[in-house]
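Visitor: I should like to study this protein step by step. May we go through it by question and answer?

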Amino acid sequence: MENGVANHVFDIIFLIKLAAIIVPLIGISLILRNLLGADKKKWFSYNHINDFHKKGESMLRALFIILLLASMPWTINYPFAISVLLIVFTIVQLGFQAFAEWKFSSNRQNYKVSLVEVALFFIAIVGVFLLFR
């Protein structure tokens, strides 16, 4: 029989660790947006800068789906490989967003915050891998 208290303690510790990863990601981004004067992002909405940005992200997503489906025979036994593909895709997509903001945005400070977000996401992912290894 399982110990119910141990499960709750694990859940609480897991939530604390999750908050320790997510809160700095969001907090640093908000602070930088205010300090640099970058545009504020709306929660749960995504606005493309122009058609190049919209088409580029659509192409990246399609390419990712094709790569994911094509690599299934090799990665089906290695879920870690699928996780790595997801992480690489997210970093490439955030990097493309930063490039589009640098190239086409009216507020030039937006891309700086996006680059910091890419770096923070990468650091958080490395931290998660080190935490759960």
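Guide: Let us begin with a definition: Lys and Arg count as positive and Asp and Glu as negative, while His and the chain ends are not counted. Please also bear in mind that this is a predicted model.

Visitor: How far apart are the mean positions of the positive and negative charges of the protein?

Guide: By that way of counting, the protein has 12 positive and 7 negative charges. The distance between the mean positions of these two sets is 8 Å.

Visitor: How many helices and how many strands does the protein have, and what pattern do they follow along the sequence?

Guide: The protein contains five helices and zero strands. Read along the sequence, the pattern is therefore written with helix symbols: α-α-α-α-α.

Visitor: Is the protein spread out or compact, judged by its radius of gyration?

Guide: The globule rule gives 14 Å for 133 residues. The radius of gyration of the protein is 18 Å, well over that value. Along its principal axes, the C-alpha trace spans about 60 × 40 × 25 Å. Because its radius exceeds the rule in this way, the protein, set against a compact globule, is more spread out.

Visitor: What percentage of the residues count as buried?

Guide: A residue is called buried when its relative accessible area is under 20%. Of the 133 residues of the protein, the share that meets this condition is 23%.

Visitor: Which helix supplies the largest share of the largest nonpolar core?

Guide: This core is made up of five residues, namely Leu60, Phe64, Leu68, Phe89 and Phe96. Helix 2 (51–70) and helix 4 (79–104) each supply at least two of them. The largest share, three residues, comes from helix 2.

Visitor: Which residues does Phe64 touch, leaving out those up to four places away in sequence?

Guide: Phe64 is itself a member of the largest nonpolar core. With residues up to four places away in sequence not counted, Phe64 touches Leu85, Leu86 and Phe89.

Visitor: Why does Val113 count as buried?

Guide: Val113 lies in helix 5, residues 110–131. Not counting residues up to four places away in sequence, Val113 touches Ser29, Leu32, Arg33, Leu36 and Ala38. Buried means under 20% relative accessible area. Val113 counts as buried because its relative accessibility is 1%.

Visitor: Which residues are in contact with Ser114, leaving aside its neighbours within four places in sequence?

Guide: Ser114 is also found in helix 5. Ser114 is buried, with a relative accessible area of 3%. Leaving aside neighbours within four places in sequence, its contacts are Gln97, Ala98 and Glu101.

Visitor: What is the relative accessible area of Val118, and how far apart in space are Val118 and Ile31?

Guide: Val118 lies in helix 5. Apart from neighbours within four places in sequence, Val118 is in contact with Ile91, Leu94 and Gly95. Val118 is buried, and its relative accessible area is 15%. Val118 and Ile31 are 87 residues apart in sequence, and their C-alpha atoms are separated in space by 16 Å.

Visitor: Is Leu35 buried or exposed?

Guide: Leu35 is found in helix 1, residues 4–36. A residue counts as exposed when its relative accessible area is over 50%. The relative accessible area of Leu35 is 67%, so Leu35 is exposed.

Note on methods
Residues are numbered from 1 along each chain as its sequence is written. This is a predicted model: local features need pLDDT of at least 70, side-chain atom pairs count only at pLDDT 80 or more; totals for chains, interfaces and linings use all residues. Side-chain values use heavy atoms; hydrogens and water are left out. Helices (H or I, at least four residues) and strands (E, at least two) are DSSP runs, numbered from the N terminus. The radius of gyration is taken over C-alpha atoms; the globule rule is 2.2 Å times the number of residues to the power 0.38. Buried means under 20% relative accessible area, exposed over 50%, partly exposed in between (1.4 Å probe, protein chains only). The place of a charge is taken as NZ of Lys, CZ of Arg, CG of Asp or CD of Glu. A nonpolar core is a set of buried Ala, Val, Leu, Ile, Met, Phe, Trp, Tyr and Cys residues joined through side-chain atoms within 4.5 Å. Contact means heavy atoms within 4.5 Å.
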